[in-house]
Amino acid sequence: MFIPTIPTPEEVLDKSFSRAKKAANKVRSSKIPRHQKSKKTEEARIKTACQVTEETFNSILEKIPKISTLNMFYQDYIDVVVGVDQFKKSLGALKWAVDLISKFENQYVFKIRRSSSEDASKVRKEAFGRLASVVYRIEDELNFLDFAKQKLRNMPTIDFKATTAVIAGFPNVGKSTLLRQLTTAEPKVADYPFTTTGIQIGHLEHKWTHFQFIDTPGLLDRPVQDMNEIELNAMVALEHLADIVFYIFDASETSGYPLESQLNLYNEIKHVFKTPIQCIFNKMDLVENIEYVNGYINQLESPLMLSASEGIGVTEIIAKMEEFDNEKKKRS
Ligand code: GDP
């Protein structure tokens with residue numbers, strides 16, 4: 001998500017006061033009568049300082065997209081990573097500051113007009129003090145927005161119109177190998193909460209249809225009961241973008257996970273995700289005891305066979321995706 005550069009209170013005030021100074025110099029060198037100059041100069045300083053601060057905050061508010069208009073996936077993502085409430089509260093604080101500053105800008109301009117020339121600079125100092133105190137009042141919120149900017153910098157770019165498959169299964173079963181086989185360009189890595197390696201997103205243009213494949217290392221690869229609430233939320237967020245889940249079994253068990261545990265994880269994921277799940281038995285080239293594997297294959301509904309590293313069975317997966325996409329289009 002795009003968040004513009006968030007300045008510190010010092011930076012906001014430095015910019016506002018230096019612009020105010022320039023505005024004052026302009027008035028000073030203008031041709032207005034001498035006796036009016038000090039009041040006009042201070043008025044320009046107050047107006048400019050307040051307006052520059054307002055503009056700084058307004059431009060941040062305009063550039064940040066409204067959270068409630070974002071896709072649910074992004075809303076959940078932001079919630080897991082930085083907290084949506086805190087995010088909204090911080091934007092609310094910026095808005096509060098803008099409203100307050102514009103209010104007292106008018107009050108001080110009015111005050112200066114009624115004051116004597118000698119008092120003008122005192123009034124201006126008071127206005128600047130007030131401005132600085134409002135800007136420092138929202139220091140925590142500015143810090144938070146800057147933190148959010150850093151945290152959300154490498155948020156995944158998702159094509160919500162594409163038919164999307166999320167790839168699940170224990171580590172080393174061949175998920176990323178499959179992702180590479182399925183997609184044309186090198187998959188893009190994006191941050192995903194509580195996955196150290198991030199998620200990988202790959203694309204495939206197939207017969208004028210856009211397919212998207214997402215590999216989530218560290219998330220859909222271990223028993224659900226081992227997850228904390230935040231990880232569960234992160235997993236549920238994935239549900240908003242998955243049209244189908246490809247659950248990968250390592251039929252050879254060379255990854256170290258017995259088929260029994262792989263089946264248990266499959267059942268858990270099936271329980272959590274409301275989307276259809278397609279089972280895929282990978283590393284078929286390494287299988288020695290096919291009867292043993294068949295015992296699992298036969299328990300599942302039309303699983304597909306694959307040797308991802310050899311590229312065998314990949315076209316069948318794409319065909320399945322196509323079939324699924326056609327059904328989806330018919331339904332909608
Ligand atoms: P991930 O952790 O699930 O993403 O698994 P990887 O894609 O990194 O694969 C783990 C290891 O299994 C790698 O060394 C792959 O080369 C290997 N591998 C993946 N698929 C196959 C396969 O179909 N056959 C064989 N023999 N090795 C495979």
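1. Helices here are DSSP runs of H or I with at least four residues, strands are runs of E with at least two, and both are numbered from the N terminus. With that in hand, Ser302 is easy to place: it sits in the loop between α10 and β7. Please keep in mind throughout that this is a predicted model.

2. Let's start with the overall picture. The protein chain has eleven helices and seven strands. Its C-alpha trace spans about 100 × 40 × 30 Å along the principal axes. The radius of gyration is 29 Å, while a compact globule of 332 residues would come out near 20 Å.

3. Next, the inside and the surface. Of the 332 residues in the protein chain, 50% are buried. About 17,000 Å² of the chain is exposed, and 51% of that comes from carbon and sulfur atoms. Among contacts with a separation of 6 or more, 74% are between residues 24 or more positions apart.

4. A quick word on charge. The protein chain carries 44 positive and 45 negative charges, and the mean positions of the two sets are 19 Å apart.

5. Now take a look at helix α10, which covers residues 290-297 and has Val293, Tyr296 and Ile297 as its buried residues. These three lie on the same side of α10, because they cover an arc of only 100° around the axis. What do the buried residues of α10 pack against? Their partners are α9 (259-272), β6 (277-282) and β7 (304-305).

6. The loops on either side of α10 each hold a residue worth a look. Lys283 is in the loop between β6 and α10, and its phi is near 60°, a positive value in a residue other than glycine. Ser302, in the loop between α10 and β7, also isn't a glycine and has a positive phi, near 25°. For background, most residues other than glycine have a negative phi.

7. Are those two buried or exposed, or somewhere in between? Lys283 has a relative accessible area of 17%, so it counts as buried, the cut-off being under 20%. Ser302 is at 47% and therefore counts as partly exposed, since exposed would need over 50%.

8. Tyr247 is a good one to find in the viewer. It is in strand β5, which runs over residues 244-250, and it is buried, with a relative accessible area of 0%. Setting aside residues up to four places away in sequence, Tyr247 touches Ala168, Gly169, Phe170, Gln262, Leu265, Tyr266, Ile269, Ile277, Gln278, Cys279 and Ile280. From Tyr247 to His206 the chain covers 41 residues, and their C-alpha atoms are separated by 21 Å.

9. Thr275 is in the loop between α9 and β6. Its relative accessibility is 15%, so Thr275 counts as buried. Which residues does Thr275 touch, not counting those up to four places away in sequence? They are Glu239, Ala242, Asp243 and Val245.

10. Over to Gly83, in the loop between α3 (72-81) and α4. Gly83 is also at 15% relative accessibility and so counts as buried. Leaving out neighbours within four places in sequence, Gly83 is in contact with Ile78 and Phe144. Gly83 and Ala148 are 65 residues apart in sequence, yet their C-alpha atoms are 9.2 Å apart in space.

11. Asn143 belongs to helix α6, residues 139-151. With a relative accessible area of 41%, Asn143 is partly exposed. Val236 is 93 residues from Asn143 in sequence, and the C-alpha to C-alpha distance is 29 Å.

12. Last stop is Ser102, in helix α4, which covers residues 84-114. Is Ser102 buried, exposed or partly exposed? Its relative accessibility is 28%, so Ser102 counts as partly exposed. If you want a long distance to trace by eye, try Ser102 to Gly311: they are 209 residues apart along the chain, with 65 Å between their C-alpha atoms.

Note on methods: Residues numbered from 1 in each chain as written. Predicted model: local features only at pLDDT ≥ 70, side-chain atom pairs only at ≥ 80, totals over all residues. Heavy atoms only, no water. Rg over C-alpha atoms; globule rule 2.2 N^0.38 Å. Buried < 20%, exposed > 50% of the residue type's maximum accessible area, 1.4 Å probe, protein only. Contact = heavy atoms within 4.5 Å. Areas by Shrake-Rupley, 256 points an atom, 1.4 Å probe, with all protein chains shown as cover. Lys, Arg positive; Asp, Glu negative; His and termini not counted. Charge placed at Lys NZ, Arg CZ, Asp CG, Glu CD. Arc of directions from axis to C-beta.
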